[in-house]
Amino acid sequence: MRIKLFSIPNLLTLANLLCGALGVVAALAVGDLTVAFGLMVAAAVFDFFDGFAARLLGQSGPLGEQLDSLADDISFGLLPAAVLFVLYDRMPGYWLPDWAAAAVFVVAGCAALRLAKFNIDQTQHAEFCGLPSPAAALFCASLGLLSECRGLVLSREAVVAIAFGAGWLMISDVRMFALKFKGFGWRGNELRYSFLGLSALLVVVLHAWAVPAIIVLYVLLSVGRGLTGGPGAGPNTEK
């Protein structure tokens, strides 16, 4: 069987991977966490459009699915871990030694597990089980951006705690809503429209600080939906 390697969706996925790899270089070799964050955002854009292009062109397939996961583990697993590694080195610590910085790479491992689980879990068509790796990655990388541009200071202990918290959320069984609209009406999309409206407000009010705030909002709304038994709070069994 002849497998077509180079298609438009696959090239977009490779662009995602390239942005992630360059972001790792920007963080670890250059120490520029602002550029690393920008490259992660670019990777997220390519990650969105590769799936869109695959559906539009009818070029979805197992090769693209596997390639997408491999690219995502670089851009949304290794890259955020690299940002946290550099951030750890720059921050004051109370009892953690220098070598404990390696603990932040738990993010990369959990992202790999999250992506592998997504590939075989048939209940994640309309919602997610665990925090999506791009969301966790953007939260972690935004801390590097804020440290350079807004003077954010965290302890080393806090950086490690954030790494483990993000990792746990990715592999948890917490059901997270997806931004897949059921038409354009309000009914059935209440949570999605509310999230987008509140996110826009956060951007206006908080500017750069809005990035981690939006991720926290997403987690809180998802957990709240589950606790209150809101629409789609249970596992989705759609095939």
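User: A salt bridge is a side-chain nitrogen of Lys or Arg within 4 Å of a carboxyl oxygen of Asp or Glu. By this rule, how many salt bridges are there?

Analyst: Happy to help, and please keep in mind that this is a predicted model. Side chains of opposite charge can pair when their charged atoms come close. Applying the rule here, the salt bridge count is five.

User: Which side chain does arginine 175 meet in a salt bridge?

Analyst: The closest N and O atoms of this pair are 3.0 Å apart. Arginine 175 sits in strand β2 and its partner in strand β1 (residues 127-129), so the bridge ties together parts that are 48 residues apart in sequence. The partner of arginine 175 is glutamate 127.

User: And which helix holds arginine 225, in the pair with glutamate 127?

Analyst: The side chains of arginine 225 and glutamate 127 meet in a salt bridge, 3.1 Å from N to O. Glutamate 127 belongs to strand β1, and the pair ties together parts that are 98 residues apart in sequence, so we look well along the chain for the arginine: its helix is α8.

User: Is glutamate 127 buried or exposed?

Analyst: The cut-off for buried is under 20% relative accessible area. Glutamate 127 is linked with Arg175 and Arg225 in a network of salt bridges, and arginine 175 has 13% relative accessibility, which counts as buried. Arginine 225 is buried together with glutamate 127. At 3% relative accessibility, glutamate 127 counts as buried.

User: How many residues apart are arginine 90 and glutamate 148?

Analyst: These two side chains form a salt bridge, at 2.9 Å from N to O. The pair links distant parts of the chain, with arginine 90 in helix α3 and glutamate 148 in helix α5. Both are partly exposed, arginine 90 at 39% and glutamate 148 at 31%. Along the chain, the separation is 58 residues.

User: Let's turn to the interior. Which element gives the largest share of the largest nonpolar core?

Analyst: This core has 59 residues, and Leu84, Leu87, Leu131 and Val159 touch the most other members. The elements giving two or more residues to it include α1 (8-30), α3 (62-90), α5 (133-149), β2 (175-177) and α8 (210-228). The largest share, 10 residues, comes from α5.

User: Which residues does valine 159 touch, not counting residues up to four places away in sequence?

Analyst: Val159 is among the core members that touch the most others. With the residues up to four places away set aside, valine 159 touches Leu84, Leu87, Tyr88, Met91, Val104 and Leu154.

User: Why is cysteine 129 not bonded to cysteine 110?

Analyst: A disulfide needs two cysteine sulfur atoms within 2.5 Å, and the structure holds zero of them. Cysteine 140 is in no disulfide either, its nearest cysteine sulfur being that of cysteine 110, 11 Å away. Cysteine 129 is buried at 4% relative accessibility. Its sulfur is too far from the closest cysteine sulfur, in cysteine 110, for a bond, because the distance is 14 Å.

User: On the surface, which helix gives the largest share of the nonpolar patch?

Analyst: Ile8, Val41, Val45, Phe48, Phe49, Phe52, Leu56 and Leu57 make a nonpolar surface patch of about 750 Å². One of these, leucine 57, is partly exposed at 41% relative accessibility. The largest share of the patch, seven residues, comes from α2.

User: Which residues is aspartate 72 in contact with, leaving aside its neighbours within four places in sequence?

Analyst: Aspartate 72 is found in helix α3 and is buried, with a relative accessible area of 4%. Leaving those neighbours aside, the contacts of aspartate 72 are Asn16, Asp47, Gly77 and Leu115.

User: One last stop: what relative accessibility does serine 133 have?

Analyst: Serine 133 is found in helix α5. Beyond four places in sequence, serine 133 touches Phe76, Ala111, Arg114, Leu115 and Met170. Serine 133 counts as buried, its relative accessibility being 3%.

Conventions:
Residues numbered from 1 in each chain as written. Predicted model: local features only at pLDDT ≥ 70, side-chain atom pairs only at ≥ 80, totals over all residues. Heavy atoms only, no water. Core = buried A, V, L, I, M, F, W, Y, C linked by side-chain atoms within 4.5 Å. Buried < 20%, exposed > 50% of the residue type's maximum accessible area, 1.4 Å probe, protein only. Helix = DSSP H or I, 4+ residues; strand = E, 2+ residues; numbered from the N terminus. Contact = heavy atoms within 4.5 Å. Patch = residues over 30% accessible without salt bridge, like charges linked within 9 Å, V, L, I, M, F, W, Y side chains within 5 Å. Areas by Shrake-Rupley, 256 points an atom, 1.4 Å probe, with all protein chains shown as cover.
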